[in-house]
Each structure stands twice: as C-alpha cells, then as structure tokens.
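The following paragraphs offer a guided reading of one protein chain, moving from its aromatic pairs to its charged pairs and then to single residues of interest. Please keep the sequence and the coordinates in view while reading.

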Amino acid sequence: MAANFWNSTHHKQLLDPEEADVVHPIDKERGFTLEDFKLIKMHMANYIARLAQNVKVRQRVVATAVTYMRRVYTRKSMTEYDPRLVAPSCLYLASKAEESTVQARLLVFYIKKLCNNFFLTWYLNSDEKYRYEIKEILEMEMKILEALNYHLVVFHPYRALSQLLQDAGMSDSTQLAWGLVNDTYKTDLILIHPPHLIALACIYVASVLKDKENTAWFEELRVDMNVVKNIAMEILDFYDSHKAITDDRVNAAMHKLGLKA
C-alpha cells in the first residue's frame, strides 16, 4: 500500500470530469443517456449503503465499495456488467480490502431480504426471483478486480476532515461535515479530486450552513480555493438533483439496458 496519497495508484488514476461521466458505446446504442447513467450510479451508491447497514460494516467499506463501482463504469458497460450484481460484489471486495470481511453467504441472504423492500422494487418482475447466488458474486468479484487492474487502494476524505475541522475550530460541525462527505460518494467527486480537497469543500459548505466566518482560515491554506468552491457547488447541485430520483425513473433506465426491472 502506498504510504501517502501522492504516491498511490489512486492519485495516478484521478480523472478529468468529462472522463468520469461517459456513457459506454454499448449502453448508448440502447438509448441510455448521461442522465440515466448518473441516476443508476447514484441509486447503486444508495443500495450499497443500505446493504452495508444490514451486514454491519464500517462507512469506510461503503466508501471504498462505491469508489470501486464508479471506477468500473468508467471502463465497462452497464449492459455487460449488471449493476445489480456489480454493486454487492464491490461491497464484498471492499470488505476484504478494508479488512472487514463479510461472508458471501451473509451478503446474498440480505440481498434477497432487501428485494422485498420498496427500495429495490426494480429488482424483480412479478414472476421473477433474484437470480444471483454466491457463485455469481465470486465470479463478478474477479471481473471487477480485472476492471480495476487490481488497484484496490482508495484514500478517503474522512481522515483529513477530522484534522481540518479541529484546525478550523469547527469540531462542533463534525456530524454535519461527515454527512456531507458521505453524500459526495453519490457523485463522481472521489474519482476526480484529491480527498483533502473534498474534505475542505465539505467544511466550506458546513461553514456556510452554520454561518461560520472562516475566510481567514481558508486563505491561510495552500490550496486553490476556486477548486474547493467548485467542488462545494457540485455538492450543492447534487442535493438539488437528488430530489428527482424516483422508482419510475430507475425502472425506465434499467429497461433501456435490457435488464428486467
């Protein structure tokens, strides 16, 4: 594992924004749009988080799993790599990478249990049961490893966040800022920006929401504040677009991929 972010494969794999959100040609042929692509990825991030609550793993595992999922779809199509299988397989792989291993049997148990919940109504037709078992999870795990080129190290904003909040005198805003960081994984920010800049953007948003004057503190930092503010705007834009997620929109997008919903 790299000793620091700047020497890591994570740093070397950072993408330009236009590289992170590209619909694969195979998906595009089916009429799949960029908005569909963003919608499914956001929904899959929600699903990974929901599944993780049931198997009881740390937030870091969730964050790593979502990062894997988003990286996979910068290289592979959703038509060929069914999101309904990729998402839990990424969680399974992340649990091992983060040394919080979840048994595949337990994972499949909760996947099937959640299928009866409204959150996953698009998983099933009225006459179809969830068809993926342990074997499929393990096979997809190997495909994901190949898609990631076996680069599993992910650096997250959480560690920097705690240190920066203390330095800024905003320890009382830890819960708010932590929640903001969690929500950034419903976007592609982790694929594009260094984690410490994401942490700073979340502190910036928290400062605005808490009406906390931190201009002098931010000016002392050796960072490009234009980048920090742009990330902050993307976070706020996410909250506006997140309201538009509905089961009907997810179902429609899945149907375009030729996946039964």
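**Aromatic pairs, salt bridges and selected residues**

F5 counts as buried, at 7% relative accessibility. The model under discussion is a predicted one. W6, by contrast, counts as partly exposed, because its relative accessibility is 47%. The ring centres of F5 and W6 lie 5.0 Å apart and the ring planes stand at 75 degrees, so this pair is edge-to-face. F155 joins F5 and W6 in one aromatic cluster. In total, the structure holds eight aromatic pairs.

Another of these pairs is formed by Y204 and F218, with ring centres 5.6 Å apart and planes at 75 degrees, so that it too is edge-to-face. This pair links distant parts of the chain, since Y204 belongs to helix α12 (residues 195-209) and F218 to helix α13 (residues 215-220), 14 residues apart. Y204 is partly exposed, with a relative accessible area of 25%, whereas F218 is buried at 5% relative accessibility. As for annotation, the unreviewed UniProt entry places the feature "domain: Cyclin-like" at residues 46-146 and 159-237. Over residues 159-237, the chain is 73% helix and 0% strand, and the C-alpha atoms at the two ends are 25 Å apart.

The cluster leads on to H10, which lies in helix α1 (residues 9-12). Is H10 buried or exposed? H10 is buried, because its relative accessible area is 1%. Apart from neighbours within four places in sequence, H10 is in contact with F5, R71, V153, V154, F155 and I190; this list includes F5 and F155, which are members of the aromatic cluster. In the case of I190, its backbone oxygen lies 3.4 Å from a polar atom of the H10 side chain. The C-alpha atoms of H10 and I190 are separated by 9.5 Å, although the two residues are 180 residues apart along the chain.

Charged pairs form the next topic. The count of salt bridges comes to eleven. Among them is the bridge in which the side chains of D36 and K256 meet, at 2.8 Å from N to O. D36 lies in helix α4 (residues 34-55) and K256 in helix α15 (residues 247-256), so this bridge ties together parts that are 220 residues apart in sequence. The D36 end is buried, with a relative accessible area of 9%, while K256 is partly exposed at 33%.

Helix α4 also carries K41, whose partner D188 lies in the loop between α10 (174-184) and α11 (189-192), so that the pair links parts of the chain 147 residues apart. The side chains of K41 and D188 meet in a salt bridge of 2.8 Å, N to O. Both of these residues are buried. They also belong to a network of salt bridges that links D21, K38, K41, R70 and D188. In addition, K41 lies over the face of F37, at 4.1 Å from the ring centre.

A further salt bridge joins K96 to E141, with the closest N and O atoms 2.6 Å apart. Here K96 sits in helix α6 and E141 in helix α8, 45 residues apart. K96 counts as partly exposed at 34% relative accessibility, and E141 as buried at 7%.

T79 is found in the loop between α5 (59-72) and α6 (83-97). Despite its place in a loop, T79 is buried, with a relative accessible area of 18%; this value falls under the 20% cut-off for buried residues. Which residues make polar contacts with the side chain of T79? The side chain of D27 does so at 2.5 Å, and that of R30 at 3.5 Å. Leaving aside neighbours within four places in sequence, T79 is in contact with I26, D27, R30 and L257.

Finally, the backbone merits attention in the loop between α8 (134-147) and α9 (158-167), where N149 lies. Most residues other than glycine have a negative phi. N149, which is not a glycine, has a positive phi of about 55 degrees. Y150 lies in the loop between α8 and α9 as well, and its phi is also positive, at about 65 degrees, although Y150 is not a glycine. N149 counts as partly exposed at 46% relative accessibility, and Y150 as partly exposed at 49%.

Note on methods:
Residues are numbered from 1 along each chain as its sequence is written. This is a predicted model: local features need pLDDT of at least 70, side-chain atom pairs count only at pLDDT 80 or more; totals for chains, interfaces and linings use all residues. Side-chain values use heavy atoms; hydrogens and water are left out. Helices (H or I, at least four residues) and strands (E, at least two) are DSSP runs, numbered from the N terminus. Buried means under 20% relative accessible area, exposed over 50%, partly exposed in between (1.4 Å probe, protein chains only). A polar contact is a pair of N or O atoms within 3.5 Å; within protein, one must be able to donate a hydrogen and the other to accept it, and residues adjacent in sequence count only if both atoms are side-chain atoms. Contact means heavy atoms within 4.5 Å. UniProt positions are given in the numbering used here, feature names are shortened, and annotations may be inferred rather than shown by experiment. Rings of Phe, Tyr and Trp (its six-membered ring) pair if their centres lie within 6.5 Å; planes under 30 degrees apart count as stacked, over 60 as edge-to-face and the rest as tilted. A charge sits over a ring if NZ of Lys or CZ of Arg is within 6 Å of the ring centre and within 35 degrees of the ring normal. A salt bridge is a side-chain nitrogen of Lys or Arg within 4 Å of a carboxyl oxygen of Asp or Glu.
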